[in-house]
Amino acid sequence: MKFPRPYMLSEIAGIIDSEYIGEDDFPVLGLNEIHVVEKGDIVFVDHPKYYDKALQSKASVVLINKKVECPKGKALLISDDPFSDFNKLTLYFNPFTSASASISKSAQIGEGTVVQPNVFIGNNVKIGKHCLIHPNVTIYDDCVIGDHVTIHAGTVLGADAFYYKNRPEGFDKLVSGGNVVIEDHVDIGAGCTIDRGVTGSTTIKEGSKLDNQIQVGHDTVIGRKCLIASQVGIAGCVVVEDEVILWGQVGVTSGATIGKGAVILAQTGIAKSLEGGKTYFGSPAEEAREKMKQLAGVRQIPTIIEKLKKIDN
């Protein structure tokens, strides 16, 4: 998330009422999560295990719950609760605005685009040319849709990220301030849910095709010309590279990368990153040919046991 103008470190500290280490006029350009952070951004960290990762990241400002040595060229915001203060900043720069119409007056809809009845289009949404949006689609604020996109009935773009901090009193939600970006010539089936990024974009790139009832988590990037069958569940912060095929009921864990041209057979569970150009099956996923050999071997076990019993007798 980029700010509408450069802010000074002292201004940001004033918003969240925090102490800071750095020059008053140190420039701050935005805020982001660790996996998408850029120079000029704020990143938050609230566990010693991740201090070094945050301090050595591209972030220019680290919102942290302990006074530590500040790396050269960076600044620190000292907070008792970085998680909550990060939420304050998200809400300050991207506050929720309630809808006053089914299609917001601030929405931009391109020439030749057809919007069927009962569609909701939120604030600042941009939809390109020659799209077809079927009934009961919901498009939350700030989503961006390219040209020649088809979205089938009941799909939701831009719901909140599934991201919580476990506290003694219950789960505390991380506020979502990102959006969803759908590039040109994408088809999205009925009943899909594509969550917005926490601070960045959940992106589906040009030419990809999604079947019905697919879940795509926050900040995930799906590459060009991917094919995803029904009931696939993709967690947050996943990278699906170009020309990947995911068949039905595949599950993908958070943070995994699926390499270009990989084919994932139905009901596979992906627990770690996979190389491209190969076919995978099983849970946890393995190369399909090797997995099939293993399953064939398992089926032989009863026969082998019976043979051993006969030898013993």
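**Exercise 1. Describe the overall build of the chain, starting from the share of contacts with a separation of 6 or more that joins residues 24 or more positions apart.**

Solution. Step one takes the contacts: among those in the chain with a separation of 6 or more, 24% are made by residues 24 or more positions apart. The model from which this value comes is a predicted one. Step two turns to secondary structure, where the chain holds 5 helices and 34 strands. Step three gives the extent, since the C-alpha atoms fill a box of roughly 85 × 55 × 35 Å when it is taken along the principal axes. Step four considers exposure: 43% of the 313 residues count as buried, while the accessible surface of the chain comes to about 16000 Å², with 52% of that area belonging to carbon and sulfur atoms. Step five adds the charges, of which 32 are positive and 38 negative, with mean positions 7 Å apart.

**Exercise 2. Work out the strand order of the open sheet of 10 strands, and explain why β8 and β34 each have one side without a neighbour in the sheet.**

Solution. The order reads β8-β11-β14-β19-β22-β25-β28-β31-β33-β34, and the pairing is mixed. Because β8 (114–115) and β34 (286–287) stand at the edges and each has a single partner strand, one side of each is left without a neighbour in the sheet. Within this order, β19 (residues 187–188) and β22 (residues 209–210) run parallel and are joined by 2 bridges, and Ile 188 stands opposite Leu 210 in β22.

**Exercise 3. Identify the edge strands of the open sheet of 8 strands, and then examine the pairing of β13 with β18.**

Solution. The sheet follows the order β7-β10-β13-β18-β21-β24-β27-β30, with parallel pairing. Its edge strands are β7 (108–109) and β30 (257–258), each of which pairs on one side only. Strand β13 (residues 144–145) pairs with strand β18 (residues 179–182) in the parallel sense over 2 bridges, and Val 144 stands opposite Val 181 in β18.

**Exercise 4. Determine which residues touch the most other members of the largest nonpolar core, and list the contacts of Ile 182 beyond four places in sequence.**

Solution. The largest nonpolar core has 43 residues, and the members that touch the most others are Ile 139 and Ile 182. When neighbours within four places in sequence are left aside, Ile 182 is in contact with Val 144, Ile 145, Gly 146, Val 149, Leu 157, Ile 188, Ile 194 and Ile 204. A second core, separate from the largest one, has 23 residues, among them Tyr 7, Ile 42, Phe 44 and Phe 86.

Key: Residues numbered from 1 in each chain as written. Predicted model: local features only at pLDDT ≥ 70, side-chain atom pairs only at ≥ 80, totals over all residues. Heavy atoms only, no water. Core = buried A, V, L, I, M, F, W, Y, C linked by side-chain atoms within 4.5 Å. Buried < 20%, exposed > 50% of the residue type's maximum accessible area, 1.4 Å probe, protein only. Contact = heavy atoms within 4.5 Å. Pairing = 2+ DSSP bridges. Helix = DSSP H or I, 4+ residues; strand = E, 2+ residues; numbered from the N terminus. Areas by Shrake-Rupley, 256 points an atom, 1.4 Å probe, with all protein chains shown as cover. Lys, Arg positive; Asp, Glu negative; His and termini not counted. Charge placed at Lys NZ, Arg CZ, Asp CG, Glu CD.
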